Amino acid sequence: MEKVLIVGAGPTGLTLALWLTKQGVPVRIIDQSAGPGETSRAMAVHARTLELYRQLNLTDAVIAAGHKNPAVNMWVRGKHKAQLSLGDAGADISPYPFVLVYPQDQHERLLVERLSLLGVTVERNVELIAFEDKGDFVSARLRLPDGSEQMCETRYLAGCDGARSVIRHGLGTDFEGGTYQHVFYVADVEVEGLQPGGELHVAFDKGDFVLLMSYGHGNQYRLIGTVKDERAEHAEKLVFDDVSIDAIRGLGIQITTVNWFSTYHVHHRVASNFRIGRTFLLGDAAHVHSPVGGQGMNTGIHDAINLAWKLAAVLKAQASDGLENDLESGLENSLLDSYSIERQAFARRLVNTTDRVFTVVTAESHLADFVKDHIAPLIMNTASKIESVRELMFRLVSQTMMNYHESPLSEGKAGSVQGGDRLPWVALEGSDNYAYLSHIGWQVHIYGTVTPEIYAWCELHNVPLHLFDWTEEHHKAGLTEDALYLLRPDTFVALVDPQASTTTLSHYFSSRNYAMG
């Protein structure tokens with residue numbers, strides 16, 4: 001019997017397979033396609049994703065293969081109005097203060113290679129036809145490359161099979177939301193006349209917007225825009241010449257070469273359940289939204305990392321799966337239930353946010369035009385001058401603001417940090433407190449002094465303890481001297497205890513029926 005069957009080998013499914021395999025959990029990953037995608041809509045890899053990629057030593061390879069876009073430029077009706085330096089905005093927040101542009105097709109191939117090095121091969125041209133939760137396992141019927149069928153039994157089934165998910169349809173869960181009237185176009189182009197080069201550019205022109213992202217290879221850029229007039233009624237027949245004037249008008253550029261062009265409709269939807277029994281939904285199978293901010297692929301990757309450590313803990317008998325005996329134990333939510341609680345709440349916030357932003361940038365009215373012509377450039381120019389506003393914008397885009405405050409796994413507060421937060425990043429003398437986050441497992445951080453009792457508790461339960469000399473930089477980051485920070489295997493803060501008590505630490509795990517080593 002398989003431990004975990006992963007359906008879908010996009011970035012979400014590949015990330016889940018990598019993180020599970022790294023933790024010693026055998027996986028089987030299938031995809032009905034013949035190979036990784038040859039074209040790509042998803043491009044942006046944000047700071048929080050790069051932070052998490054340190055767990056598999058992926059970060060440096062991804063950065064080396066991608067291109068750092070160090071600033072965002074705003075254009076209105078063909079005129080350059082504002083620029084925001086991401087390097088300045090995120091310098092004290094993350095070791096990766098930029099937007100990395102790394103096309104999804106290249107990204108997928110790198111993840112496939114890394115998975116192969118761990119001994120796992122993606123099974124191509126294999127299709128999930130049907131599945132049934134049998135209580136103790138899930139029975140899945142697969143169609144193999146030669147057309148024959150195979151029955152597969154698995155402890156858990158992970159649906160990473162995209163917006164048209166067969167698994168979501170099989171579960172019968174709702175996919176609430178809607179479809180934007182606008183048609184998006186996307187193209188890989190080579191341009192001349194763009195200044196400054198090698199950066200992100202967004203242009204507004206009445207109800208249209210155009211986004212240009214540098215690949216870092218000569219004058220090659222990814223171009224994204226909208227089609228909203230009568231052309232949208234026959235989007236499948238559009239060619240680049242039908243939309244090129246919009247981009248040229250908005251950015252004042254000359255497009256010399258078009259290497260690829262496509263159109264697509266965008267939905268804004270969230271599944272009503274991310275988990276039913278032994279089956280989980282991740283990535284586009286669970287949530288889809290507008291491309292504003294380039295959040296989609298990153299969110300799916302974070303789904304996978306969130307679920308991976310929880311599945312590993314259950315399969316290693318460290319925690320219950322919530323399918324039996326939890327009511328008797330008095331637990332309201334199991335460890336696996338927290339996946340749906342945490343990720344669904346974030347997905348809903350994200351869909352609502354991107355929907356509001358997209359609605360504003362594509363609205364057609366005198367008020368909307370005034371906002372885009374005057375208010376938006378003013379906000380961006382103000383952000384470039386005021387540190388707190390500049391940092392807020394970076395946090396929103398980079399997903400470093402993401403938290404799980406309402407999670408049953410989050411507890412305690414000291415200073416400005418509470419359970420569910422991302423650990424504040426602090427760099428000192430060429431190193432940082434994230435150096436230890438390459439470990440996939442529980443760990444304790446203390447900034448200041450530590451008691452012998454905490455040393456003994458961590459040694460007894462085989463939990464790494466990392467001690468940092470207290471500095472003013474730690475205080476500025478929101479940390480509290482001598483407080484205890486228990487970090488989850490996905491590096492989020494689980495428990496904050498200003499008293500650094502072993503009683504509180506032990507109770508955190510015992511109250512959640514989590515068995516420590």
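**Exercise 1. A patch on the surface**

Find the residues that form a nonpolar patch on the surface of this predicted model, and decide whether Leu396 is buried or exposed.

*Solution.* Start with the members: Leu392, Leu396, Val397 and Met401 make up the nonpolar patch, and together they offer about 330 Å² of accessible area. Next, pick out Leu396, which sits in helix H12, residues 387–398. Now check its cover: exposed means over 50% relative accessible area. Leu396 has 52% relative accessibility, so it counts as exposed.

**Exercise 2. A three-stranded sheet**

Work out the strand order of the open sheet that holds S3, S7 and S4, and say which strands stand at its edges.

*Solution.* Read across the sheet and you get S3-S7-S4, with antiparallel pairing. Strand S3 (44–45) and strand S4 (67–69) are at the edges; each has a single partner strand, so one side of each has no neighbour in the sheet. Then zoom in on one pairing: S3 joins strand S7 (residues 99–101) in the antiparallel sense through two bridges. If you want a spot to look at, find Val45, which faces Leu100 in S7.

**Exercise 3. Helix H5 and its surroundings**

Compare the span of helix H5 with the expected one, then list what its buried residues pack against.

*Solution.* First the span: H5 covers residues 104–117, which is 14 residues. From first C-alpha to last it reaches 20 Å, close to the 20 Å expected at 1.5 Å a residue.

Second, the buried residues: these are Gln104, Asp105, His107, Glu108, Leu110, Leu111 and Leu115. A handy rule goes with this: an α-helix has 3.6 residues a turn, so residues three or four places apart point the same way.

Third, the neighbours. The buried residues of H5 pack against these elements:
- helix H1 (11–22)
- strand S2 (27–31)
- strand S3
- helix H3 (59–65)
- helix H8 (296–315)

Finally, look just past the end of H5, where Gly119 has a positive phi of about 90 degrees.

**Exercise 4. Salt bridges**

Take the salt bridges Glu51–Arg48, Asp432–Arg54 and Arg275–Asp337, and say how far apart in sequence the partners are.

*Solution.* Some background: side chains of opposite charge can pair when their charged atoms come close. The whole structure has 16 salt bridges, and here are three of them.

Step one: Glu51 and Arg48 meet at 2.7 Å, N to O. They are three residues apart in helix H2 (residues 47–52), so about one helical turn separates them. Both Glu51 and Arg48 are buried.

Step two: Asp432 and Arg54 have their closest N and O atoms 3.4 Å apart. Asp432 belongs to strand S23 (residues 431–432) and Arg54 to the loop between H2 and H3, so this pair ties together parts 378 residues apart in sequence. With 12% relative accessibility, Asp432 counts as buried.

Step three: for Arg275 and Asp337, the closest N and O atoms are 2.8 Å apart. Arg275 is in strand S17 (residues 275–276) and Asp337 in helix H10 (residues 337–362), so the pair links parts that are 62 residues apart in sequence. Arg275 is buried, at 10% relative accessible area, whereas Asp337 is partly exposed at 23%.

There's also a network of salt bridges to find: it links Lys310, Glu342, Arg488 and Asp490.

**Exercise 5. Two hairpins**

Follow the chain from S9 through S10 to S11, and find the glycine with a positive phi in each hairpin.

*Solution.* Begin with strand S9 (residues 127–133) and strand S10 (residues 138–143), which run antiparallel and are joined by six bridges. Ala130 has Arg141 in S10 as its bridge partner. Four residues lie between these strands, and Gly135 in this hairpin takes a positive phi near 100 degrees.

Carry on to strand S11 (residues 149–159): S10 runs antiparallel to S11, with six bridges between them. Here Val138 is partnered by Thr154 in S11. This hairpin has five residues between its strands, and Gly147 in the turn has a positive phi of about 95 degrees.

**Exercise 6. Unusual backbone spots**

Which peptide bond between Gln195 and Pro196 do you find, cis or trans, and where do Arg77 and Asp482 lie?

*Solution.* Recall the background: most residues other than glycine have a negative phi, and most peptide bonds are trans.

- The bond from Gln195 to Pro196 is cis, with omega near -5 degrees. Pro196 is in the loop between strand S12 (175–192) and strand S13 (200–205).
- Arg77 isn't a glycine, yet has a positive phi of about 50 degrees. Its loop runs between strand S5 (71–76) and strand S6 (79–85), and Arg77 is partly exposed at 36% relative accessibility.
- Asp482 isn't a glycine either, and its positive phi is about 70 degrees. Asp482 lies in the loop between helix H14 (472–476) and strand S26 (484–487), and counts as partly exposed at 28%.

Terms used:
Residues numbered from 1 in each chain as written. Predicted model: local features only at pLDDT ≥ 70, side-chain atom pairs only at ≥ 80, totals over all residues. Heavy atoms only, no water. Patch = residues over 30% accessible without salt bridge, like charges linked within 9 Å, V, L, I, M, F, W, Y side chains within 5 Å. Areas by Shrake-Rupley, 256 points an atom, 1.4 Å probe, with all protein chains shown as cover. Salt bridge = Lys/Arg side-chain N within 4 Å of Asp/Glu carboxyl O. Buried < 20%, exposed > 50% of the residue type's maximum accessible area, 1.4 Å probe, protein only. Pairing = 2+ DSSP bridges. Expected span 1.5 Å × (residues − 1). Contact = heavy atoms within 4.5 Å.
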